[in-house]
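User: I have a model open and would like to check the reasoning behind some of its labels. Could you walk me through it?

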Amino acid sequence: MDLEKLTRRVARGSGIVFAGQVAGKIIGVCLQVVLSRGLGPLLYGTYTLAVSVMKILREVGTLGLHGGVVRFSAEAQAKGNQARVKGTLTASLGIGIVASAALALSLYAASDWLATTAFSDAGLEPVLRAFAAALPFYTLTFLASRAARGLQVMTADVAVGTVAQPLVNLIAVSIAFLLGWALDGAVAAFVLSTGVSAGIGLYVVFRIAPVLLDRDVIASYDLGELVGYSLPVMGVTLTALFVDQADRIMIGLLASSADVGIYNVAALLATQVRFMLTSVSAAFTPLISDLYHTGRRNDLRTLFQTTTRWIVTLSMPLGLILILFPEPLLWLFGADFLAGAPVVMVLAISSLLNAAVGTIGLMLQMSDHERLVLIDNVLLAVVNVGLNLWLIPIYGTVGAAVATAVSVTSINVVQYAQLRHLLGITPFSLAYLRPLAAGLGAGLLGWGVGAALEPWFLHGVAGMLVTGVAYIGVLLWIGLPEKDWEIMAPFLKRTGLLRLIPGAEEAENHDPSA
């Protein structure tokens, strides 16, 4: 497959994941708004701590098989080896269920110690015990979505991994709050949503992989190869997730559950900047290994630089808005959460810098340097914990944000140097300067307009609107490479804006075989 077709393939896959991510983010933000307003900072912080523990245990429960199932099912599917597809899927899902069930029992047994000794929050114990029952379903949902990704059915990946669980959770928790059930209702809604989403995930996997029900096909897999690849991946993702959740956990240990609640809302907003990075990663990951192992380094470099530019272009406006005008968005969660504005600003800068280097960690991981990435992430976790221990007692939630920002940015610098040394590839190109220039101009204009207005709410809303409109205008004035329209055009087409932009519709309809 030539480079232009590969680019379009990533664009289509990214577009599907992007649309799903947008839907999932909207649902997720609505869920957190309902939870934060319904529970208040203290109970919301308790709930957030329990969810953070669940996310870490889910990563442990997969044993890294969420990476292994993508790696080996994609290869088997490409080679038409249905026996290997069946074996990879059954082994990954089966092992994940058993491991997560064992972890669920451990969580149930340790819930009293975690609540009273570790976090000094007695209200956390019943939440953790209830969540223990949900852990196997939570893990199964995750593995099912990655199975769909390995088979490159991106709609199924998005539906299971991004939309199903938060949507069911939002509906259930809204009903619970209407009935006046508060924290008990939020916990019951989470448990119910994991069970429903796991059922949807299994149904989807059997639909897209009918070989699982074909008794004439004998499952084939190399368990040693599957687990041998997956365990380092578990280390990588676990340390990355630990860094992502360590700030909340450390605030729970060193401060209070109310501080956790305020910080979580701020972090929720700031990390929305990453959604384009996640979208492109899902579509690009299966191609990295393909291009690297077939010796197509130049194609890999070009595609990496193109996708990084996409990520930066689409991440920039939201990043600018969150850095410059966090207050109006925090107000949606309740006036008690406005104290998180400095946290939003620090974490948004970090998320924008993280997006700026693209899928750099996956580039290393999928080019047979997964152990190096594991070492990087372990060092990242150590640095992050050390900075949190130092900064939280002094600066509270802002200290936690600075610790996360410094550690994540540092590891990106290290991995940039590693990628350049090992593969001779960087994420940057001359066209990369276009979104940077547009962002600088739009940010200055938006800040200037906002600074001239009072009160703060009007200042923020006007600033956001001016920044967003100015960014699009400057970007169109500078002009985008034709390849960039390939990912922009599907969204513009759905909104009817495509025909208003000269050259965009022609690029979207361009036939690479012509």
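User: How many helices and strands are there in the protein?

Analyst: Happy to help! This is a predicted model, and the protein has 19 helices and zero strands. Buried residues make up 57% of its 514 residues.

User: Let's take Thr-404. Why is Thr-404 called buried?

Analyst: Thr-404 has a relative accessibility of 6%. The cut-off for buried is under 20%, so Thr-404 counts as buried. As for its place in the fold, Thr-404 lies in helix α15, residues 397-423.

User: What makes the pair Thr-404 and Asp-247 a polar contact?

Analyst: The two side chains come to 3.2 Å, and the limit for N or O atoms is 3.5 Å, so the pair meets the distance criterion. Beyond its neighbours within four places in sequence, Thr-404 is in contact with Asp-247, Tyr-263, Leu-347, Ser-350 and Asn-384.

User: Why does Thr-271 count as buried?

Analyst: Its relative accessible area is 18%, and buried means under 20%, so Thr-271 is buried. Thr-271 lies in the loop between α8 (257-270) and α9 (275-293). Thr-271 and Leu-347 are 76 residues apart in sequence, with their C-alpha atoms 7.3 Å apart in space.

User: And Ile-175: why is Ile-175 called partly exposed?

Analyst: Ile-175 has 47% relative accessibility. Partly exposed runs between the 20% and 50% cut-offs, so that is the class Ile-175 falls into. Ile-175 belongs to helix α5, residues 154-178.

User: What makes Ile-175 eligible for a nonpolar patch on the surface?

Analyst: Patch residues need over 30% relative accessible area, and Ile-175 has 47%. Its patch also contains Leu-167, Ile-171, Leu-179 and Trp-181, and together the five residues have about 500 Å² of accessible area.

User: Which residues touch the most other members of the largest nonpolar core?

Analyst: That core has 77 residues, and the ones touching the most other members are Leu-35, Leu-39, Tyr-47, Met-54, Leu-107, Phe-131 and Tyr-263. Helix α1 (residues 3-62) supplies the largest share of this core, 13 residues. A second, separate core has 45 residues, including Leu-89, Ala-147, Val-236 and Leu-287.

User: How do you know that contacts link residues far apart in sequence?

Analyst: Among contacts with a separation of 6 or more, 82% are between residues 24 or more positions apart. Tyr-47 offers a case to look at: outside its neighbours within four places in sequence, its contacts include Phe-131, Asn-169, Leu-183 and Phe-190.

Key
Residues numbered from 1 in each chain as written. Predicted model: local features only at pLDDT ≥ 70, side-chain atom pairs only at ≥ 80, totals over all residues. Heavy atoms only, no water. Helix = DSSP H or I, 4+ residues; strand = E, 2+ residues; numbered from the N terminus. Buried < 20%, exposed > 50% of the residue type's maximum accessible area, 1.4 Å probe, protein only. Polar contact = N/O pair within 3.5 Å; in protein donor to acceptor, adjacent residues only side chain to side chain. Contact = heavy atoms within 4.5 Å. Patch = residues over 30% accessible without salt bridge, like charges linked within 9 Å, V, L, I, M, F, W, Y side chains within 5 Å. Areas by Shrake-Rupley, 256 points an atom, 1.4 Å probe, with all protein chains shown as cover. Salt bridge = Lys/Arg side-chain N within 4 Å of Asp/Glu carboxyl O. Core = buried A, V, L, I, M, F, W, Y, C linked by side-chain atoms within 4.5 Å.
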